[in-house]
Amino acid sequence: MLSAGTPVRVRLDWPETRGRCHIRTPHYVRGRPGEIVRHLGDFPNPEDLAFARPAKPVALYHVRFRQADLWPAADPWPHPAGDEILIELYEHWLEAA
Amino acid sequence: MTWREADSATLLAGLRSLLAAKSIASADEIAERIRITDGGGPAQGARMVAKAWTDPDYKALMLADGARAAELLDIPMRGLPPLGVVENTPGIHHLVVCTLCSCYPRAVLGYPPFWFKSAAYRARAVRDPRGLIAEWGTELPAATAIRVVDSTADYRWMVLPMRPAGTEGWSEAELAAIVREGDMIGVTRPRA
């Protein structure tokens, strides 16, 4: 179990390039650094559920990202230092950072 | 006539009778679910917000377990995803989006507004949230950070907005009447 404050990085992976899949990890956070906010519970893996395969429960976390870590510095929109994005991510998408 | 040519009412009747014949869902169960779905709407969420504004214990419960807080107000949550509630404060403003599809806390907010599912809202909410909500007239002070909640998985999220000034002494019903759908998504803030 990952505790609050643990720095993580989202796996830089693109399963959709390898075949049919269902993923709940938005593309814009892949490979990006974030921080665990809290464990939200364990839920059947939606990547299996979507294909009616047996789905093991996977730990789901709320993970916080700095907006400035997600978008290019050249964006026409400002990304002030305190602005964040909070996302639910499954443990198998998270790596130690 | 093949199923591809059937009109939607015929298809629906066929689906319902198959669900019943295979003991997947009876007519009564479907009617019950329709009744629950139709009962959802922003007025339900507004009741929760108004109670949280006037009852600190209820607010603590709502932030810890939104579904239980909803059930305390007789909002049916059985069989629905967990409900998370995020609290706006002078230091932080929350905005809810589902970039992957249209996840929405229907039991407490009803059907999502049409723009919630639009590609434009979903794309801009995560990349230009301040510019996006400014189009609703919501200008955040520089000292207020914005936290976008991308509803990607098994929870549904609603915002507990700040109680506006000028509502001192108001009853729960009076307070609930000023809480709008957008206030609980985070595109707007309640006004007295």
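Let's start with how chain A holds together: of its contacts with a separation of 6 or more, 61% come from residues 24 or more positions apart. Keep in mind that this is a predicted model.

**Chain A**

What is chain A built from? Its secondary structure comes to two helices and five strands. Walk along from the N terminus and you meet them in the order β-β-α-β-α-β-β. If you boxed up the C-alpha atoms of chain A along the principal axes, you'd need a box of roughly 45 × 30 × 20 Å. The chain has 97 residues, and 27% of them are buried.

**A sheet shared by two chains**

Now look for the sheet that takes strands from both chains. This open sheet has seven strands with mixed pairing, and the order is E5(A)-E1(A)-E2(A)-E3(A)-E4(A)-E3(B)-E2(B). Which strands sit at the edges? They are strand E5 (94-96) of chain A and strand E2 (92-97) of chain B, each of which pairs on one side only. From one strand to the next, the twist averages 35°.

The place to zoom in on is where the chains meet within the sheet. There, strand E4 (residues 84-90) of chain A and strand E3 (residues 145-150) of chain B run parallel, joined by four bridges. For a specific pair, find A:Ile85: its bridge partner in E3(B) is B:Val148.

A helix also takes part in this picture. Helix H7 (residues 119-127) of chain B lies across E4 of chain A as well as E2 and E3 of chain B, and it runs at about 150° to E2(B).

**Two helices packed in chain B**

Staying in chain B, have a look at helix H3 (residues 42-54) and helix H4 (residues 56-64). Their axes are 6 Å apart, and they pack at an angle of about 130°. That angle is why H3(B) counts as oblique to H4(B). H3(B) passes H4(B) in a left-handed crossing.

Which residues meet here? On the H3(B) side there are B:Met48, B:Lys51 and B:Ala52, and on the H4(B) side B:Tyr58, B:Lys59 and B:Met62. Sort the residues of this contact by type and you get four nonpolar, two charged and no polar ones.

**Two loop residues with positive phi**

Chain B also has a pair of residues worth clicking on, each with a positive phi although neither is a glycine. Here they are side by side:

| Residue | Phi | Loop in chain B | Other C-beta atoms within 10 Å |
|---|---|---|---|
| B:Ser23 | near 55° | between helix H1 (8-21) and helix H2 (27-39) | 7 |
| B:Asp74 | near 65° | between helix H5 (66-72) and strand E1 (83-87) | 9 |

Are they buried or exposed? A residue counts as exposed with 12 or fewer such neighbours. B:Ser23 has 7, so it is exposed. B:Asp74 has 9, so it is exposed as well.

**B:Ile30**

Finally, find B:Ile30 in helix H2 of chain B. B:Ile30 is partly exposed because it has 14 other C-beta atoms within 10 Å, which falls between the cut-offs of 12 or fewer for exposed and 20 or more for buried. What does B:Ile30 touch, leaving aside its neighbours within four places in sequence? It is in contact with B:Arg16 and B:Ala25. How far is B:Ile30 from B:Ala120? C-alpha to C-alpha, they are 34 Å apart in space, and in sequence they are 90 residues apart.

Methods
Residues numbered from 1 in each chain as written. Chains lettered and ligands numbered in written order. Predicted model: local features only at pLDDT ≥ 70, side-chain atom pairs only at ≥ 80, totals over all residues. Contact = placed C-beta atoms within 7 Å. Pairing = 2+ DSSP bridges. Axes fitted to C-alpha atoms, helices over the stretch in contact; angles between N-to-C directions. Parallel < 35°, antiparallel > 145°, perpendicular 65-115°, else oblique. Left-handed = near helix turned anticlockwise from the far one by under 90°. Nonpolar A, V, L, I, M, F, W, Y, C, P; charged D, E, K, R; others polar.
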